[in-house]
Each structure stands twice: as C-alpha cells, then as structure tokens.
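These notebook entries record what I looked up in one structure. I began with a pocket and then followed a helix and a single residue outward to the whole chain.

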Amino acid sequence: EAVGSVGRVGSPRRDGPRRRELRVRYENDEAARIAMQSLAPDEELNPLEVSRTMRVSESRLVVEFASTDAKMLRNSMAGLMDMIAVVDRVSAEFGPASAAAKKAKLASSPG
C-alpha cells in the first residue's frame, strides 16, 4: 500500500502561485512508474488554473502542483489522491504481485 506525504514547495506568498508537492512511496521504481502511467491520461479539469507534473524518484511518485488559486489547488490534489487510491487498489488486485500469488496458488493446488 502506498504511503503519501504532502510537503510545501516554494514560498507561501498570497499574491503569487502556490506550489505543493505530493510524494507517494511505492515498493520500487517500477510500481511508481506504473502508477504514474495509469494517472497520466487524467488531465487537470482546469489546466489554465492548475498545472501538474509527475515523475518517479527513488521509488516514489512525485507530483508537483502549481496554481494561483488555493481552492483549485486543494481540489486538484484531493482529486489526484482519490485516483491514486483507486490505482493502488486495482494494482493490488490485478498487478504483478497478485498475478504471481495466483499462479503459485494454482501450481500448488492438487488436480
């Protein structure tokens, strides 16, 4: 299961862009990359007001957000966190580790 932490990046100026970074830890770079690729097609609802970039670093999915509107930034981060939860559940159910466990179970079953 992924563990997320939200950290502030940049200055907390009220008149300029607000920047936030979300880091989600995975077992390895491959798992983080799968999560990133799963989330990439989902574009921001308001790309003119919120920008989002994603990358993988040290087994973490790193998402950087920027917006001049705090509410839009908060909504964007909350939406992405919901999507990450779905990706993690699907990965746990159907991902490589799940497939290997199912294969091992079938191999050990009598029959």
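**Entry 1: the pocket lining.** Working with a predicted model, I asked which element gives the most to the lining of the second largest pocket. I found that α2 does, with 6 residues. I then looked for elements that supply at least two residues each, and recorded β3 (50–57) and α2 (70–94).

**Entry 2: volume and composition.** I noted a volume of about 220 Å³ for the second largest pocket. Its lining comprises 13 residues, and those closest to the centre are E44, L45, N75, S76 and G79. I sorted the lining by residue class and obtained 5 nonpolar, 4 polar and 4 charged residues.

**Entry 3: helix α2.** I turned next to the geometry of the helix. I recorded 25 residues in α2 and a reach of 36 Å from the first C-alpha to the last. This is close to the 36 Å expected at 1.5 Å a residue. At the start of α2, I found a side-chain oxygen of D69 within 3.3 Å of the backbone nitrogen of K71.

**Entry 4: burial along α2.** I listed the buried residues of α2 as M72, L73, S76, M77, L80, I84, V87 and D88. To read the spacing of such a list, I kept in mind that an α-helix has 3.6 residues a turn, so residues three or four places apart point the same way. I also noted that the list includes D88.

**Entry 5: S76.** I chose S76 for a closer look, since this residue of helix α2 is also among those closest to the pocket centre. Is S76 buried or exposed? S76 counts as buried because its relative accessibility is 10%, and the cut-off for burial is under 20%. Which side chain does S76 join in a polar contact of 2.7 Å? The partner is the side chain of E44, a residue that I had already listed among those closest to the pocket centre. Leaving out residues up to four places away in sequence, I found that S76 touches E44, V50 and F65.

**Entry 6: the whole chain.** I closed by placing these details in the overall fold. I counted 3 helices and 4 strands in the chain, and read their order along the sequence as β-β-α-β-β-α-α. Of the 111 residues in the chain, 28% are buried. Among contacts with a separation of 6 or more, I recorded that 49% come from residues 24 or more positions apart.

Key:
Residues are numbered from 1 along each chain as its sequence is written. This is a predicted model: local features need pLDDT of at least 70, side-chain atom pairs count only at pLDDT 80 or more; totals for chains, interfaces and linings use all residues. Side-chain values use heavy atoms; hydrogens and water are left out. On a 1 Å grid over the protein atoms alone, a cavity is a set of points where a 1.4 Å probe fits but cannot get out, and a pocket is an open set with protein on both sides within 12 Å along at least five of seven lines; lining residues have an atom within 4 Å of a point. Grid points are joined across faces, edges and corners, and a volume is the space filled by probe spheres set on the points. Ala, Val, Leu, Ile, Met, Phe, Trp, Tyr, Cys and Pro count as nonpolar, Asp, Glu, Lys and Arg as charged, and the others, Gly among them, as polar. The expected span of a helix is 1.5 Å times one less than its number of residues. Buried means under 20% relative accessible area, exposed over 50%, partly exposed in between (1.4 Å probe, protein chains only). A polar contact is a pair of N or O atoms within 3.5 Å; within protein, one must be able to donate a hydrogen and the other to accept it, and residues adjacent in sequence count only if both atoms are side-chain atoms. Contact means heavy atoms within 4.5 Å.
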